[in-house]
Amino acid sequence: MRYLVLFLLMMGTVSAVDTLRVGTHTVDENLTDNLNYVDYFYGEYANSTESLIKSYPNELDYIKSRSGPLVVSRWSIMYSNESVMLNVTGVYPGFAVKDGGEYKIDYRGFIDSLCTDYSYSLIPKIDQEFEFNIVLPEKFRIISTQKNGSEDLDSLFYNLTVETRGNIVYKHLRLTVKKDTDVFSYCGERNRLDSLLKQGIIAEEASGIDISGLPLIIAILAVLCLSLVYLVRR
């Protein structure tokens with residue numbers, strides 16, 4: 001229901017971007033990443049997305065084609081006037097791994113095949129926004145995250161901001177393709193952003209003091225103190 005309300009609110013406003021992705025990664029103590037994200041497409045990108053979805057045998061085939069390694073468990077697609085919303089939930093394998101005494105999280109960078117198989121010859125002008133929360137187990141202590149970065153290049157502009165609050169990392173990315181450009185030029189410049197994203201998050205298990213035996217220690221000290229007082233009085 002909350003996604004329906006959010007969808008209706010988003011559809012009732014004029015978007016400043018062409019596409020928006022909002023998502024949450026929730027990593028459990030077994031390093032399983034449960035991911036939920038919602039994609040919004042506006043204007044001409046909504047129309048082209050709707051046409052593309054309908055060119056597939058079914059909606060799930062389309063969802064899988066753009067979800068990378070995500071193992072999709074639930075999805076829904078909603079259409080409105082010049083707007084499309086995709087709501088996808090699943091498990092993202094390999095998002096968090098143990099490396100020696102540390103944990104590497106969100107270190108893969110871009111997961112699409114755009115800059116590996118060069119299936120598109122031309123990248124259209126587009127303004128994209130991504131907002132993610134990455135929730136780690138409470139026993140984790142975050143050592144480092146991706147660094148903030150911003151560049152205005154020939155074909156694209158990007159601005160990445162990362163903030164940590166406790167065991168949650170908040171990540172916001174604005175990525176704008178400023179003009180129609182060939183895929184080789186675009187991918188060459190996007191690699192600069194990709195190198196930032198691949199820094200990932202480094203975490204470790206927070207060391208704590210085991211106080212389970214503290215009451216027994218206090219009791220023993222109390223007995224020793226009473227014994228000492230007894231001996232002194234004698």
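1. Let's start with the overall picture. Of the 234 residues of the protein, 38% count as buried. Keep in mind that this is a predicted model. The accessible surface comes to about 13,600 Å², and 56% of that belongs to carbon and sulfur atoms.

2. Next, the building blocks. You'll find 6 helices and 14 strands in the protein. If you take contacts between residues at least 6 apart in sequence, 67% of them join residues at least 24 apart.

3. Now have a look at one sheet. Here 4 strands line up in the order β5-β6-β14-β9, making an open sheet with antiparallel pairing. β5 (96–99) and β9 (140–144) are at the edges with a single partner strand each, so one side of each has no neighbour in the sheet. On average, neighbouring strands of this sheet are turned by 35° against each other, direction ignored.

4. Zoom in on one edge. β9 pairs with β14 (residues 201–205) over 4 bridges, in the antiparallel sense. Within that pairing, I142 sits opposite A203 of β14.

5. What about the inside? The largest nonpolar core has 48 residues, and L86, I105, L136 and Y186 are those with the most contacts inside it. Helix α5 (residues 183–197) gives the largest share of this core, 6 residues. Another core lies apart from it, with 6 residues, including V17, Y40, Y42 and M85.

6. Finally, pick out L136 in your viewer. Leaving aside residues up to four places away in sequence, L136 touches V27, I105, I142, N167, I201 and A203. You've met two of these already: I142 and A203 are the pair standing opposite each other.

Conventions
Residues numbered from 1 in each chain as written. Predicted model: local features only at pLDDT ≥ 70, side-chain atom pairs only at ≥ 80, totals over all residues. Heavy atoms only, no water. Pairing = 2+ DSSP bridges. Helix = DSSP H or I, 4+ residues; strand = E, 2+ residues; numbered from the N terminus. Axes fitted to C-alpha atoms, helices over the stretch in contact; angles between N-to-C directions. Core = buried A, V, L, I, M, F, W, Y, C linked by side-chain atoms within 4.5 Å. Buried < 20%, exposed > 50% of the residue type's maximum accessible area, 1.4 Å probe, protein only. Contact = heavy atoms within 4.5 Å. Areas by Shrake-Rupley, 256 points an atom, 1.4 Å probe, with all protein chains shown as cover.
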